[in-house]
Number of protein chains: 4
Amino acid sequence: MIANTPPMGWNSWDCYGAAVTEDTVRKNAEYMARYLKPYGWEYVVVDIQWARPNAVDHSYEPFSELAMDEYGRLTPAINRFPSAKNGAGFRPLADYVHSLGLKFGIHIMRGLPRAAAHRRLPIADSPYFCHIAADPSSVCMWNPDMYGLRCDLPDARAYYDSIFRLYASWGVDFVKCDDIAREYPRCRREIEVISEACRSCGREIVLSLSPGPAPLEQAEHLKTYANMWRITDDFWDDWKLLKGMFERAEKWCIHAAPGHWPDADMLPLGALRQCENPDDWTRFTPAEQRTMMTLWCMMRSPLMIGGEMTKNDDFTLSLLTNRDVLDIVRESWCAHPLRTTDAESVWIAPRQDGDGFYLALFNLDDRKRTVSAALPEGLKAEITELWSGKRLRGGNAVRMALSPHDAAVCRVRTI
Amino acid sequence: MIANTPPMGWNSWDCYGAAVTEDTVRKNAEYMARYLKPYGWEYVVVDIQWARPNAVDHSYEPFSELAMDEYGRLTPAINRFPSAKNGAGFRPLADYVHSLGLKFGIHIMRGLPRAAAHRRLPIADSPYFCHIAADPSSVCMWNPDMYGLRCDLPDARAYYDSIFRLYASWGVDFVKCDDIAREYPRCRREIEVISEACRSCGREIVLSLSPGPAPLEQAEHLKTYANMWRITDDFWDDWKLLKGMFERAEKWCIHAAPGHWPDADMLPLGALRQCENPDDWTRFTPAEQRTMMTLWCMMRSPLMIGGEMTKNDDFTLSLLTNRDVLDIVRESWCAHPLRTTDAESVWIAPRQDGDGFYLALFNLDDRKRTVSAALPEGLKAEITELWSGKRLRGGNAVRMALSPHDAAVCRVRTI
Amino acid sequence: MIANTPPMGWNSWDCYGAAVTEDTVRKNAEYMARYLKPYGWEYVVVDIQWARPNAVDHSYEPFSELAMDEYGRLTPAINRFPSAKNGAGFRPLADYVHSLGLKFGIHIMRGLPRAAAHRRLPIADSPYFCHIAADPSSVCMWNPDMYGLRCDLPDARAYYDSIFRLYASWGVDFVKCDDIAREYPRCRREIEVISEACRSCGREIVLSLSPGPAPLEQAEHLKTYANMWRITDDFWDDWKLLKGMFERAEKWCIHAAPGHWPDADMLPLGALRQCENPDDWTRFTPAEQRTMMTLWCMMRSPLMIGGEMTKNDDFTLSLLTNRDVLDIVRESWCAHPLRTTDAESVWIAPRQDGDGFYLALFNLDDRKRTVSAALPEGLKAEITELWSGKRLRGGNAVRMALSPHDAAVCRVRTI
Amino acid sequence: MIANTPPMGWNSWDCYGAAVTEDTVRKNAEYMARYLKPYGWEYVVVDIQWARPNAVDHSYEPFSELAMDEYGRLTPAINRFPSAKNGAGFRPLADYVHSLGLKFGIHIMRGLPRAAAHRRLPIADSPYFCHIAADPSSVCMWNPDMYGLRCDLPDARAYYDSIFRLYASWGVDFVKCDDIAREYPRCRREIEVISEACRSCGREIVLSLSPGPAPLEQAEHLKTYANMWRITDDFWDDWKLLKGMFERAEKWCIHAAPGHWPDADMLPLGALRQCENPDDWTRFTPAEQRTMMTLWCMMRSPLMIGGEMTKNDDFTLSLLTNRDVLDIVRESWCAHPLRTTDAESVWIAPRQDGDGFYLALFNLDDRKRTVSAALPEGLKAEITELWSGKRLRGGNAVRMALSPHDAAVCRVRTI
């Protein structure tokens, strides 16, 4: 099954915005293959605007010239992705990523390029046309490139089929589709058409929907048509956003299961915003980074690294290579938030194999705080805190003195 | 003062949709000059899509080719408006309408043509460009032609100045601006910029905003920046819509005054929808037509005839040439709805000159009904019903037996 | 017709709260008869809690002992209204007020005394009982005395009939019914039952509903069943409340007509809150008092003086005896707010006799401001400002330099 | 810890409404002790109106005479609970229930009797009074007996202390407090005061809050102050209500943990509504009853039998004595709804001891349906359906053909 556990990988947005290049992607893929692959990290994802030659930062440009083929399908900007020359598309880059034992992903916006509609381009391998498929009133509020499609017409399905066939031929393993996850009810049918095109393209491709917040009441629809979907708007290295994730995690955690994962967004760790400032670094404290990693693992969110990985320091790397913690995301299930107040949160998650459970304690307060959680009555257990590796004494409860915004997570094994 | 009383005229939408032609406009202007001008009718307005060569009915076409000049200003489609050839625009047609002693108006959509933005055309008499002025996320939900403008930029004002200067040079007296009156708060600033461009173009042009419902809480903004604005979505010959107008009229009537008029939309009288069916005729009964004319006059709505006037029958013409009734719209003020229930409505409106007042009685019920209204205590008056011309006996009250959906309106003069 | 013009009078609440006494009522009635009656003032109204012996200020007391008869009808507390002894009720006081050429009113809460329900008292002249008529879940949120009635039962109508018959026998001319005007939809039926009891009691009694804000969408129901109803919560001598009245006046003014008047609440003028502090005085500036009087007259609100009248100073008295201004409330109609912004407001109101109209200009700003209003084109008129009595020059417009929060009102007569 | 697992017992409401008697309670307690105690059933709860002598069915009576002591504390109506004579209260009945090895519970309304406030009774062991503690505007919308308390005053805490001390002296083990669980935000503080009185009364008493729906956003408050709280309005034997519980169960299940349990309400099984009709029987089909029992167990709702147990037939008894199914409510945790659509639902719940998990399959459709659920990849397991006791074949998924509205629940053990 595709996405049997939450996808783990890297995405170019947090560090390069709209301006990532092939060279950068290759270097990060190489880093991942060398340092992270043994821990389960595998996807390398090129985010938004890879078809725009003149992108330099996190911003967009109205009415810019995007690279596309004669069927209105965007293609990589050659100046940024040289291997895409001669119509090769992302195939050479995907091949390289695959050669490292990793998987390759790209970002798309729902819809087709506005210019393709105004130029009345034909849709590949079909009798249909872009200017019929495009819905002139379906535009993105924050990006000027595309028109959404008229999903009641066969032209729309033909267009989505045409791009997913192309991506499959390139060797794409992961598609992050944007301007769609929170666009209910307007895009409900468009999600279905995209999902059907993805599943019938002849290659297993993980379908990820952005941006959030996806509406909770659409959980069953999302579970049916997507492998992951964003539960918040863009997440960045800001404590308020991290603290706010606890409430959303609590609501969404029951919808995490093999094949479909609520997504808390990329992990803004290490070197960020490189296109704006090469010296930029995550504003999260080490404690906050532990809290983020712990929550994402406990709720079984997909894990996509947002930083320029080649600049990782030891601490950042240690977060990404703690096998015991990463096991949570793969081997637990049925996570259960015991309580979440303004000051603290406690989660438990049984292991699927029945060999004990995980207990996470979070200090959401701005000062030191001892957070505790009762253990099942009569339990005799061996308890290990997984960030520190320390063995704790058993008893009726686990109690941890935590720094502001810090977290601890324990493996509890019956003895 | 411009629009000192509610504008009266004809508009091509109800009978020709997006497809009116110069020949039709001329014939209707000639009819108006001959039969209606003595009663105060004066505006002849060409409605939507006059720049689109292939329009045939009330529908729109995505990504169609619109006639425009090198500055992204729409121009009349020559095949439909032959006198516009050689860059003359609407000047020759306006001249002809003026020669009949009438005034000439046109429809516009807010914004600039999408093609002008994608082609990056310059804005006339300015250093600015269409692709900067255009806001790629500001699109109309029901018409595919335009992008709204980024009204925080000087480019936007330059574009609107450029079109109003052009219209002034053509001799336009009335502009109906569409996709804007109900688009608060998004288009609040755009209304202001359009209004300023209109007022500084060098010619007195009535500014009319569509479609409704404009939000009641924006009444003061509308009164400041427009001469008339729609208070409902498109009005057609359907009793439910007409009955529903009473509630809106009640809320909006206090905002009618010289220079600014809440607009109940065109009068769907006589021959309608000619592009779809040349035999089409209003579905309103004669009683309903009296009710509509009476309500529009009492609330002092602008009066714009929607039918193909050259096909008017005697009854239709009689509605448009009852001088005593039409006097209400010009000579009353401070209309006051005495009561409006599901079954009936009663309105009074004093005359500005103090010479008595008007009293309108409406039967909103589906069966015959006697509607009555008390007269001021002790009043001695001469009372004339204006549709029939009949003198009524005075007394404490006026009582009228009315057919279903019918209306009566009395002039009451103290004696 | 009852309440053919907006009722004018005095009410004890603003100056004596729940604690007014017979002596005070008599003195104020005598003052009114002597100084105000010639100007149209006529109602003398005893406000809330006249049945409670120990009331001393504006507050209420849970589970207090109220005076009542054996049928659960409240009676005046003898210690406060000595003439009510021997079961005379308000008859002697009403007789005295009538002897001065004035009219007498009282306050009631909807419902019946809770104690009457718990004691299972019978309802007068009926086979019914208070504990069946009372709805135990229908209580007032701010006063502890009563239960609302189960208006689907005949017991409820019997109770309301029993009290209105009693009031009629006392000579009551005006009933202010409280805890009801804003209690839609819960009290919709209760309003109808009270109104029917009032109208069939054998005496003409003005029915006034409190407190506001009554819901605007219930205007027709209120017009049918009440003579006046409050459009705001309690109004006091606070500029913010006065400024806020302009918006409500604008919405409600179209519903003012003979027999039914939207009520802007008492006029907090002169000596207020006497039970708390005998030296207390209105916090309104003279300018604000002019604004209040002008707005109330233009919108044709009932005028009920709230102050202890015997302490009126010359200025206060002058406000209450300006015959030209008070004529507005009786002789205008169809008031029409020309505009209301954050800084100013302008209203016009024609005279019913056609002899010109009134034009009121309000400075809502906190600094001096010149407020102007265009006059009908071509008008030749004689214009008099009614507070100052000064003749203004005619022209195209009236322009007045006004102090902060001040108002001017002109009579405009065609010449 | 009190309520370490979801409380299980019997409540008199579904079968006897407001009219249960001591004799009936004793017989049901005896039945429970004999047939159900071995399966974990233990609470015997007397529901609403035990202080009202003349109760005969499910209805209430305004202004009825309730039995109470001189401190305004309700006492059992002697005619219905003879052992309560001589001021013994529920002590003798509680003693009897305890003698059977069971626990005893009662219902209360928040607040104090209205009559106690109107009579100004003192509060036991305190200097305070009922008429001060009572809030005259805090009344229940569906029951006429009580006033809520003014929880900002010490009088309120004194009253609640006085009743919980009395209940503790009677030997009460369980209090169902009514008119409170959905009364946020008005009763937020009242919940806290009641909870504090309950916890400091000197006896362990389970605190249960009714009626629902309690607001989900108050989950942490409820978890802190109550042991169980209703998540819906009254639940009865109606498929629509049962189907609707799935959505609520999904939202609330994450809040079930030792000490605090979201409560799906009584189980309307067997003989119901006995006071109205001794032949009445649950309208749920056997399939629906299985579905109810399965869902309540999987979500770990408290289990309170609603029927007259002495009339149980074999099928009803079999539902209440399936030890394997009842183990779910005690031995699972972290229940997780895999999916819930209009047609089906699937839940899993791990066992706390790690020895496998439970998998429940529900057919919510009105016709036969095969419901399936994937098993973790590679799992080798022994699978037993617990209602039938049948062993299933393992594999990648569990598939069950289910009758309309029926359920199956499997224990899955790794081998």
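These legends go with close-up views of a predicted model.

**View 1. Chains C and D, and the axis between them.** Start with how the two copies sit relative to one another. Turn chain C by 179°, with 0.0 Å of shift along the rotation axis, and chain C lands on chain D with an RMSD of 0.0 Å. The two copies are thus related as by a two-fold rotation axis. To find that axis from chain C, look for C:Val139: in this chain, its C-alpha is the one nearest the axis, at 3.9 Å. Both copies use the same surface here, since 100% of the contact residues of chain C turn up again in chain D.

**View 2. What gets covered where chain C meets chain D.** On each side of this meeting place the count is 17: that many residues of chain C are in contact with 17 residues of chain D. Between them, the two chains bury about 1600 Å², and 61% of that lies on carbon and sulfur atoms. Three residues of chain C are worth picking out, namely C:Phe63, C:His118 and C:Pro136. They lose the most area to chain D, and together they make up 43% of what the chain C side buries.

**View 3. The chain C side, piece by piece.** Which elements of chain C give two or more residues to the side that touches chain D? They are α4 (114-118) and β5 (134-139) of chain C. Of the elements, β5(C) gives the most, with four residues. Sorted by class, this side of chain C has ten nonpolar residues, four polar ones and three charged ones.

**View 4. Polar links between chain C and chain D.** How many salt bridges cross the interface of chain C and chain D? The rule finds zero. Polar contacts are another story: across the interface of chain C and chain D, eight residue pairs are in polar contact, both residues of each pair being at pLDDT 80 or more.

**View 5. A small sheet in chain B.** Over in chain B, three strands form an open sheet in the order β4-β6-β5, with antiparallel pairing. β4 (112-113) and β5 (134-139) of chain B stand at the edges with a single partner strand each, so one side of each has no neighbour in the sheet.

**View 6. Where β5 and β6 of chain B pair up.** Zoom in on β5(B) and its partner β6 (residues 146-149): the two strands pair in the antiparallel sense, over two bridges. For a landmark, find B:Ala134, which stands opposite B:Leu149 in β6(B).

Key
Residues numbered from 1 in each chain as written. Chains lettered and ligands numbered in written order. Predicted model: local features only at pLDDT ≥ 70, side-chain atom pairs only at ≥ 80, totals over all residues. Heavy atoms only, no water. Least-squares fit on C-alpha atoms with pLDDT ≥ 70 in both. Contact = heavy atoms within 4.5 Å. Buried area = accessible area lost by both parts, 1.4 Å probe. Salt bridge = Lys/Arg side-chain N within 4 Å of Asp/Glu carboxyl O. Polar contact = N/O pair within 3.5 Å; in protein donor to acceptor, adjacent residues only side chain to side chain. Nonpolar A, V, L, I, M, F, W, Y, C, P; charged D, E, K, R; others polar. Pairing = 2+ DSSP bridges.
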